[in-house]
Amino acid sequence: MKIFRPVSMPQKFVGAPLLPAVFCVTFSVLSFLFLVFYDFGLDNVVIVGGFLTALIGGQMALIMLGAKEPHMTTLIQTMRYSLQKCRRIGGKPGRRFWA
């Protein structure tokens, strides 16, 4: 019996499922850059502390969720297929009258 890699060993990024971890890091970095370049008058320590808290806290939460559901990336990738309506083969069924 052949065991495929996606089933036996899902891809990880720093201990968390790949796709949610990349989303977490991207969100943290973009929010950090937004706060740095758009001057809110906040202290730099607050900005860096918030960035590190969001990054590390989000990653830890994803690691805990990934321990319960290791194939979270696969579920996110297949969600677009499950949201599509079923397509029929052939034409649209018409009305049939039986005599």
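Is Phe 51 buried or exposed, and what is its relative accessible area? In this predicted model, Phe 51 has a relative accessible area of 18%. Because buried means under 20%, Phe 51 counts as buried.

**Aromatic pairs**

Two aromatic pairs are present in the structure. In one of them, the ring centres of Phe 32 and Phe 51 lie 4.6 Å apart with the planes at 35 degrees, so this pair is tilted. A stacked pair has planes under 30 degrees apart and an edge-to-face pair over 60, and the angle of 35 degrees for Phe 32 and Phe 51 therefore gives the tilted label. This pair links distant parts of the chain, with Phe 32 in helix H2 and Phe 51 in helix H3, 19 residues apart. Phe 32 is partly exposed, at 22% relative accessibility, while its partner Phe 51 is buried.

Phe 34 and Tyr 38 also form a pair, with ring centres 5.7 Å apart and planes at 5 degrees, so the rings are stacked. Phe 34 has a relative accessible area of 48% and is partly exposed.

Phe 51 can also be set against Phe 27, which belongs to helix H2, residues 18-37. The C-alpha atoms of Phe 27 and Phe 51 are 9.8 Å apart, and the two residues are separated by 24 residues in sequence. Phe 27 is exposed, with a relative accessibility of 57%; the reason is that exposed means over 50%.

**Accessibility of selected residues**

| Residue | Relative accessible area | Class |
|---|---|---|
| Phe 27 | 57% | exposed |
| Phe 32 | 22% | partly exposed |
| Phe 34 | 48% | partly exposed |
| Val 36 | 41% | partly exposed |
| Phe 51 | 18% | buried |
| Gln 59 | 9% | buried |

**A buried glutamine in H3**

Gln 59 sits in helix H3, which covers residues 44-68. With a relative accessible area of 9%, Gln 59 is buried. Leaving aside residues up to four places away in sequence, Gln 59 is in contact with Phe 13, Val 14, Ala 16, Ala 21, Cys 24 and Val 25.

**A nonpolar surface patch**

Val 29, Leu 30, Leu 33, Val 36 and Phe 37 make a nonpolar surface patch of about 480 Å². One of these residues, Val 36, is placed in helix H2. Val 36 is partly exposed at 41%, and since patch residues need over 30% relative accessible area, the value of 41% for Val 36 meets that cut-off.

Conventions:
Residues are numbered from 1 along each chain as its sequence is written. This is a predicted model: local features need pLDDT of at least 70, side-chain atom pairs count only at pLDDT 80 or more; totals for chains, interfaces and linings use all residues. Side-chain values use heavy atoms; hydrogens and water are left out. Helices (H or I, at least four residues) and strands (E, at least two) are DSSP runs, numbered from the N terminus. Buried means under 20% relative accessible area, exposed over 50%, partly exposed in between (1.4 Å probe, protein chains only). Contact means heavy atoms within 4.5 Å. Rings of Phe, Tyr and Trp (its six-membered ring) pair if their centres lie within 6.5 Å; planes under 30 degrees apart count as stacked, over 60 as edge-to-face and the rest as tilted. Patches are made of residues with over 30% relative accessible area and no salt bridge: like charges are joined within 9 Å, nonpolar side chains (Val, Leu, Ile, Met, Phe, Trp, Tyr) within 5 Å. Accessible areas come from the Shrake-Rupley method with a 1.4 Å probe; for residues, only the protein chains shown count as cover. A salt bridge is a side-chain nitrogen of Lys or Arg within 4 Å of a carboxyl oxygen of Asp or Glu.
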